[in-house]
Amino acid sequence: MLTSAAAAPSLDLDLSALRAEFGGTLHLPGDAGYDDARAAWNLTVDQRPPLVAEPRNADDVAALVRFAAANGLRVAPQGTGHNASARAGADESILLNMRNLRAVEIDNTNFTARVEAGALCADLTAPASELGLAALAGSSPDVGLVGYVLGGGVGWLGRAYGLCCNSVLSFDVVTGDGEQRRVDADHDPELFWALRGGSGSPAVITHMELKLYAVPELYAGAMLWPWERAREVFHAWHAWTRDAPETATTSIRILQVPPVPEIPEIVRGRNFVVIDGAVVGSAGYASDVLAPFRALEPEIDMFAPAPPIALSHLHMDPETPVPGISDHALLGDLTSEAIDALVDACGHESESCLLLTELRHFGGALGRVPEHAGARGRMEGEYIFFALGSPMTPQLAELIPASLQRAKAAIEPCANGRIYLNFAEHPSDVATAFSEESFAALQAVKAKYDPRDVIHANHPVAPAHA
């Protein structure tokens, strides 16, 4: 869905010195590989940087950052291209595409993993699952692990174990001067703090080490009802979440399934209200936890004992690039009136063209700040609202913004004014993701490790003024 509406800016520089030091691949506009290397995951995004660099290792990353700093340029790191639409001014920065750095090493004795900057969630969750281990990964198998951690990292084990960013043990990074560092709780601890959920502004991550969790018994899946029952099911889910155990992490959504051949016939082209999620524990225990939903007699019930890898696929997120327009809001609480308004705006009697409208349940370990937490210590809210439309046609592209506006207006009375970086798919005021104190600390870290603002994050934090 890339267009040719705008030309990429030219880079009027001699690249010979960079080519001598950079062992990866460089793509200039017009080169055969440029369009593929510049692509974002969201096909509505048409980023046209003056240069795309694909490093082969951390030394290449350092070389590129040094080149950019020496020439008054900026570097925009990208793993998968998720969330690329949040980065304003990307066409003026060198795009550092990390997609070839996907190595994963698992230490199944110490329950840890070391991953390269371009590794996808599935690159870790699949081999870890074979060892009976789980990472605190998200709902999509092809989201990049590093980008996911930089925003916080809310997954299906979140209420039991917390945010993924707070399970990170160390980072290998390149700072704004091109220096390579290993940072952890004892080495550059303020940088270690900032990178765990505080965006990627102060440094480019090349490797990350994180904890894995032994989850011997897990029960996961989804239940689906016809969307005409959305109001009933939403209210039942809301009541259940009030006392839900921390072992259970769930979401609820109105889903309008596209009529495409790749989707199983039983749901293809139909509309549902869906509850999905995971319960840590035995099948008997989890069945008791989920009994109120089964009492509603779902048309389709896919909850069952599952290995950890199942968590990467149960939300049915698309696993290949697609176009999307979305919005979100963190909710301090949720009222019955807001639920009714949301169903009115997006349910079967509405004219909503949204592919999905969902609420995810937080609280539990997601709502507590653990000892030695990073910049994103917890999720400030009991729920999060997220809605998305897929502009597969020009007509849908025109209609989706109005549907999004109606959906968000319905839930707005419960919003707490905060944003969650991983769901913020357009340029946003990053300060609203943090407390005033935390944001000031992030600006100070940026000023220390990248004072010239060489690194151009998806959600940038400007350096504090001297």
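## Close-up views of a predicted model

**View 1. Strand 13 and its two partners.** Nine bridges tie strand 13 to strand 14 (residues 271-280), and the two run antiparallel. This is a predicted model. One pair to find is leucine 255, which stands opposite phenylalanine 272 in strand 14. Strand 13 is also joined to strand 18 (residues 356-361), by five bridges, and these two run antiparallel. Here isoleucine 254 has threonine 357 of strand 18 as its bridge partner.

**View 2. The two faces of strand 13.** In a regular strand, side chains alternate between the two faces of the sheet. Strand 13 spans residues 248-256, and nine of its nine residues are buried. One side carries Ala248, Thr250, Ile252, Ile254 and Gln256. The other side carries Thr249, Ser251, Arg253 and Leu255. Both faces are covered.

**View 3. Helix 3, from cap to end.** Helix 3 (residues 58-70) has 13 residues. From first C-alpha to last, helix 3 reaches 18 Å, close to the 18 Å expected at 1.5 Å a residue. Asparagine 57 caps the N-terminal end of helix 3. A side-chain oxygen of asparagine 57 lies 3.2 Å from the backbone nitrogen of aspartate 59. Glycine 72 follows helix 3, with a positive phi near 65°.

**View 4. Helix 3 in its surroundings.** Of the 13 residues of helix 3, 10 are buried, so the helix is largely enclosed by the rest of the structure. Among the buried residues are Asp60, Val61, Leu64, Val65 and Phe67. Several alanines are buried too, including Ala58, Ala62 and Ala63.

**View 5. A salt bridge between arginine 99 and aspartate 36.** Side chains of opposite charge can pair when their charged atoms come close. The closest N and O atoms of arginine 99 and aspartate 36 are 2.9 Å apart. The pair links distant parts of the chain, 63 residues apart. Arginine 99 sits in the loop between strand 4 and strand 5, and aspartate 36 in helix 2. Arginine 99 is partly exposed, at 28% relative accessible area. Aspartate 36 is partly exposed as well, at 49%.

**View 6. A salt bridge between glutamate 246 and arginine 368.** These side chains meet at 2.8 Å, N to O. The pair links parts of the chain 122 residues apart. Glutamate 246 lies in the loop between helix 8 and strand 13. Arginine 368 lies in the loop between strand 18 and strand 19. Glutamate 246 is partly exposed, with 35% relative accessible area, and arginine 368 is partly exposed at 43%.

Methods:
Residues numbered from 1 in each chain as written. Predicted model: local features only at pLDDT ≥ 70, side-chain atom pairs only at ≥ 80, totals over all residues. Heavy atoms only, no water. Buried < 20%, exposed > 50% of the residue type's maximum accessible area, 1.4 Å probe, protein only. Helix = DSSP H or I, 4+ residues; strand = E, 2+ residues; numbered from the N terminus. Pairing = 2+ DSSP bridges. Expected span 1.5 Å × (residues − 1). Polar contact = N/O pair within 3.5 Å; in protein donor to acceptor, adjacent residues only side chain to side chain. Salt bridge = Lys/Arg side-chain N within 4 Å of Asp/Glu carboxyl O.
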